[in-house]
Amino acid sequence: MRFVDLRRANRARQNEWPGNEKTDLAFRALEVAGEAGELSEAIKKFLRAERGIHGNTATKEDIADEIGDLIVALDLLADELGIELGHSAKTKFNATSAKYGLKTVIM
Ligand SMILES: [Mg+2]
């Protein structure tokens, strides 16, 4: 899947999502923070399972689900600001490679 496909689907789904017209930048930012928290929680529960610590556990599939949620939420936030997610990731990736003198870049 390409980021452009995600953007297109996100926009289409938000158009059919009841109440979407009441969302804004702050809502999208909180959504990203919430999904990042859910991902962290899934990883904590995954580690709990691995280490035999008593309590609720999570699987790698649960983590994958939350990574997906986070990417979707990041695209919605980026769209709110007119930022193209793929361009943003590529630009920052290449800047970090340049900063640390690494050859790997995204063309
Ligand atoms: Mg989630």
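From the N terminus on, the elements of the chain run α-α-α-α, which comes to 4 helices and 0 strands. The radius of gyration is 17 Å, well over the 13 Å that the globule rule gives for 107 residues, so the chain is more spread out than a compact globule. The model is predicted.

**Overall dimensions and burial**

- Taken along the principal axes, the box filled by the C-alpha atoms of the chain is roughly 50 × 45 × 25 Å.
- Of the 107 residues in the chain, 7% are buried.
- When contacts between residues at least 6 apart in sequence are considered, 56% of them join residues at least 24 apart.

**Helix α1 and its contact with α3**

- Helix α1 covers residues 3-16 and helix α3 covers residues 60-80; their axes come within 10 Å and cross at roughly 80°. That crossing makes α1 roughly perpendicular to α3, because angles of 65 to 115 degrees count as such.
- On the α1 side of the contact are Leu-6, Arg-7 and Asn-10, and on the α3 side are Val-72, Asp-75, Leu-76 and Asp-79.
- By residue class, this contact of α1 with α3 divides into 3 nonpolar, 1 polar and 3 charged.
- The end C-alpha atoms of α1 are 20 Å apart, which agrees with the 20 Å that its 14 residues should span at 1.5 Å a residue.
- Helix α1 is hardly covered, as the count of buried residues among its 14 residues is 0.

**Helix α2 and the residue after it**

- Helix α2 takes in residues 25-51, 27 residues in total. From its first C-alpha to its last, α2 reaches 39 Å, close to the 39 Å expected at 1.5 Å a residue.
- Gly-52, just after α2, has a positive phi of about 70°.

**Leu-47 in α2**

- Leu-47 belongs to helix α2. There are 12 other C-beta atoms within 10 Å of Leu-47, and it is exposed because a count of 12 or fewer falls in that class.
- His-87 lies 40 residues from Leu-47 in sequence, and the two are 33 Å apart in space, C-alpha to C-alpha.

**Arg-48 in α2**

- Arg-48 is also found in helix α2. With 15 other C-beta atoms within 10 Å, Arg-48 is partly exposed, because that count lies between the limits of 12 for exposed and 20 for buried.
- Once its neighbours within four places in sequence are left aside, the contacts of Arg-48 are with Ile-53, Gly-55 and Thr-57.
- A separation of 33 Å holds between the C-alpha atoms of Arg-48 and Lys-92, which are 44 residues apart along the chain.

**Thr-59 in the loop from α2 to α3**

- Thr-59 is placed in the loop between α2 and α3.
- Thr-59 has 12 C-beta neighbours inside 10 Å and therefore counts as exposed.
- Between Thr-59 and Lys-45 the C-alpha to C-alpha distance is 7.9 Å, with 14 residues separating them in sequence.

Notes
Residues numbered from 1 in each chain as written. Predicted model: local features only at pLDDT ≥ 70, side-chain atom pairs only at ≥ 80, totals over all residues. Helix = DSSP H or I, 4+ residues; strand = E, 2+ residues; numbered from the N terminus. Expected span 1.5 Å × (residues − 1). Rg over C-alpha atoms; globule rule 2.2 N^0.38 Å. Contact = placed C-beta atoms within 7 Å. Axes fitted to C-alpha atoms, helices over the stretch in contact; angles between N-to-C directions. Parallel < 35°, antiparallel > 145°, perpendicular 65-115°, else oblique. Nonpolar A, V, L, I, M, F, W, Y, C, P; charged D, E, K, R; others polar.
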